Amino acid sequence: MSKIQQLIIILIVAFATMITRFLPFIVFPANKETPSYIKYLGKVLPAAVLGLLVVYSLKDVSIFNEFHALPEAIIIAVIVILHFWKRQMILSISAGTILYMFLIQFIFK
Amino acid sequence: MVYKKIKAAFFAAFPNTIPILAGFLFLGIAYGIYMNQSGFKFYYPMFMSFIIFAGSVEFATVSWLLGSFDPVNIFFLTLMINARHLFYGLSMLEKYNIPGWKKLYLIYGMCDESFSINATVDVPKEIDKGWFMFFVTMLNQIYWVAGATIGGIFGSFIPFDTKGIEFVMTALFVVIFLENWLKEKDHSASVIGLFISFICLIIFKGTNFIIPSMIIILSVLTLLRGRLEKHE
């Protein structure tokens, strides 16, 4: 691939990404009344999308692997318990990550 | 004082981005190293992380740049991987509806992490919401571009035995999900999103699960509209 072709590919990826980000705002501009169905979606979608995001961040983990996603399941359980107990975002995130690194570097290796 | 207002928003926004500082620096460095070792100069990851600013598709682009020139296919693949942004946009129609150029930047920089913080965080009353969300987005972009550039410059010189650090992103999303769970009165939408995505990931595997998940989530939320709206 030439440099120009590479640049075209990068610009196309950027452009397609921007379509997915800008489209809702273009279809439902601020100066027009947004349909009530879309307003309803705007209220319920964030919670649903946060669920999707959790799963999305685990997309490369397979339950059919050697460890059957066990390290991930253990740590997520730890994070849930820790967070309901202390409710400190930074603590839950850093403790979860450090424990996960320990698990996969020394136990599930 | 405009300057004071901006400064206050910056210092309110920064602590919210600390987990992402850790996650993006490491992931960004990993991405830069990956590009470096695939034979690209540092300005490739620097330019791509800046202009595309969507992690997973940037990793995919490395292999596309090494393959044959296929712009049409790549265009549609990118739309598919990033389709979840459509839901972010629908969720942020009101929140991002602020006057001026900041709105354009907020939409441009709406990556998973910026979206999930801006969608869920309670901005203190005295802080300007527009500037707060602007700094969350901008700081995240700076971390990502900095990480990618460092990785691209130093490449294999960095001793990279930080296996598992990428889990910081999962931890972040789990905690944001839980925070939202603790705040909401009705958990239906959270359960629907989590459960449907999980089933779709098992069935379709990898990035292929996104579109079916989105369609099913949308259908279920639409069917339950009467019930869910009553609960508010």
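What radius of gyration does chain A have, and what would a compact globule of 109 residues have? In this predicted model, chain A comes out at 21 Å, whereas a compact globule of that many residues would sit near 13 Å. The C-alpha trace tells its own part of the story, spanning about 55 × 50 × 30 Å along the principal axes of chain A.

As for what fills that outline, chain A is built from four helices and zero strands, so the pattern read along the sequence is simply α-α-α-α. Some 48% of the 109 residues in chain A count as buried. Among the contacts in chain A with a separation of 6 or more, 38% are made by residues 24 or more positions apart.

Turning to the surface, chain A exposes about 5700 Å², with carbon and sulfur atoms supplying 70% of that area. On the charge side, chain A carries 9 positive and 4 negative side chains, and the centres of these two sets lie 12 Å apart.

Over in chain B, one residue gets a look of its own. B:T17 sits in the loop between α1 (2-13) and α2 (18-37) of chain B. With a relative accessible area of 0%, B:T17 falls under the 20% cut-off and therefore counts as buried. Its side chain reaches the backbone oxygen of B:F14 at 2.7 Å. Leaving aside residues up to four places away in sequence, B:T17 touches B:V136, B:L139, B:N140 and B:Y143. In short, this loop residue is buried and has contacts with residues further along chain B.

How values were computed
Residues numbered from 1 in each chain as written. Chains lettered and ligands numbered in written order. Predicted model: local features only at pLDDT ≥ 70, side-chain atom pairs only at ≥ 80, totals over all residues. Heavy atoms only, no water. Helix = DSSP H or I, 4+ residues; strand = E, 2+ residues; numbered from the N terminus. Buried < 20%, exposed > 50% of the residue type's maximum accessible area, 1.4 Å probe, protein only. Polar contact = N/O pair within 3.5 Å; in protein donor to acceptor, adjacent residues only side chain to side chain. Contact = heavy atoms within 4.5 Å. Rg over C-alpha atoms; globule rule 2.2 N^0.38 Å. Areas by Shrake-Rupley, 256 points an atom, 1.4 Å probe, with all protein chains shown as cover. Lys, Arg positive; Asp, Glu negative; His and termini not counted. Charge placed at Lys NZ, Arg CZ, Asp CG, Glu CD.
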